[in-house]
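Grab a pencil and have a look at the structure below. The exercises that follow walk you through it one step at a time, and each comes with a worked solution.

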Amino acid sequence: MRLTKQKHALNQALGKMDNFFNAEDLHAEVSKIGIATIYRYLTLAVKRGELHGYQCNNKAIYSTSKKNHSHFICEKCGSVKHIDVKKLDFLQEQMKGKICHVQIDVRGICEKCKKG
Ligand SMILES: [Zn+2]
Ligand SMILES: [Zn+2]
Ligand SMILES: [Zn+2]
């Protein structure tokens, strides 16, 4: 596949991703394109501000639309729970610029460990 064609296919596949996805998910959509090319494409897309990039379980995940991806991590048992941080006003107030996306990792003791 020519480079421009590859890019077109990748852009199209990206349009289908409406939730969080990783390189393998995108690869499943455009299996003709090598995984190395996909990794490169994703890294560049984040740099260009076309994608928001996050870390989830030590893996890079991406989203075209979701502006926050946050975890609650239990320091006792290591369990990870996804939390939804809807209001970012408290952060915006402290910033002079514009927030692109937010990943908050909250650490503490989970409900189960708190009880036991
Ligand atoms: Zn972003
Ligand atoms: Zn996550
Ligand atoms: Zn726990």
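Here are six exercises on this predicted model, each followed by its solution.

**Exercise 1. Work out what span the 13 residues of helix H3 should have, and compare it with the distance between the end C-alpha atoms.**

Solution.
- Step 1: Helix H3 runs over residues 35-47, which makes 13 residues.
- Step 2: The expected span is 1.5 Å times one less than the number of residues, so H3 should span 18 Å.
- Step 3: The end C-alpha atoms of H3 are 19 Å apart, which agrees with the expected span.

Now try helix H1 in the same way. Its 14 residues should span 20 Å at 1.5 Å a residue, and its end C-alpha atoms are 20 Å apart, so the two values agree.

**Exercise 2. Find which residues of H3 are buried and which are exposed on the other side.**

Solution.
- Step 1: Recall the cut-offs: a residue is buried if 20 or more other C-beta atoms lie within 10 Å of its own, and exposed if 12 or fewer do.
- Step 2: The buried residues in H3 are Ile 38, Tyr 41 and Leu 42. They cover an arc of only 100° around the axis, which means that they sit on the same side of H3.
- Step 3: Ala 36, Arg 40, Leu 44 and Lys 47 are exposed, on the other side of H3.
- Step 4: A helix rule helps here: an α-helix has 3.6 residues a turn, so residues three or four places apart point the same way.
- Step 5: Look at what the buried side meets. The buried residues of H3 pack against helix H1 (3-16), helix H2 (23-29) and strand E2 (59-63).

For contrast, look at H1 once more: the count of buried residues among its 14 residues is zero, so by the cut-off of 20 C-beta atoms H1 is hardly covered.

**Exercise 3. List the residues of the largest nonpolar core, and say which element gives the most to this core.**

Solution.
- Step 1: Nine residues make up the largest nonpolar core: Phe 21, Leu 26, Ile 38, Tyr 41, Leu 42, Leu 51, Tyr 54, Ile 61 and Tyr 62.
- Step 2: Two elements, H3 and E2, each give two or more residues to this core.
- Step 3: H3 gives the most, with three residues.
- Step 4: Take one core member, Phe 21. Leaving aside neighbours within four places in sequence, Phe 21 is in contact with Leu 26, Ile 61 and Tyr 62.

**Exercise 4. Describe how strands E1 and E2 pair and what happens in their hairpin.**

Solution.
- Step 1: Strand E1 (residues 52-56) pairs with E2 in the antiparallel sense, over five bridges. One bridge joins Cys 56 to Lys 59 in E2.
- Step 2: The hairpin has two residues between the strands.
- Step 3: Asn 57 lies in this loop between E1 and E2, and its phi is near 50°, a positive value in a residue other than glycine.
- Step 4: Asn 58 lies in the loop between E1 and E2 as well, with a positive phi near 60°.
- Step 5: Why do these values catch the eye? Most residues other than glycine have a negative phi.
- Step 6: Asn 57 has 7 other C-beta atoms within 10 Å, so this residue is exposed. Asn 58 has 5 C-beta neighbours inside 10 Å, so Asn 58 counts as exposed too.

**Exercise 5. Give the strand order of the open sheet of three strands and name the edge strands.**

Solution.
- Step 1: The order is E4-E3-E5, with mixed pairing.
- Step 2: Strand E4 (80-83) and strand E5 (105-108) are the edge strands, as each pairs on one side only.
- Step 3: On average, neighbouring strands of this sheet are turned by 25° against each other, direction ignored.
- Step 4: Strand E3 (residues 70-74) pairs with E4 in the antiparallel sense over four bridges. Opposite His 71 stands His 82 in E4, and opposite Ser 70 stands Ile 83 in E4.
- Step 5: E3 and E4 form a hairpin with five residues between them, and Gly 78 in the turn has a positive phi of about 80°.

**Exercise 6. Is Glu 24 buried or exposed?**

Solution.
- Step 1: Locate Glu 24, which lies in helix H2.
- Step 2: Count its neighbours: 10 other C-beta atoms lie within 10 Å, so Glu 24 is exposed.

How values were computed
Residues numbered from 1 in each chain as written. Chains lettered and ligands numbered in written order. Predicted model: local features only at pLDDT ≥ 70, side-chain atom pairs only at ≥ 80, totals over all residues. Arc of directions from axis to C-beta. Contact = placed C-beta atoms within 7 Å. Core = buried A, V, L, I, M, F, W, Y, C linked by C-beta atoms within 7 Å. Pairing = 2+ DSSP bridges. Axes fitted to C-alpha atoms, helices over the stretch in contact; angles between N-to-C directions.
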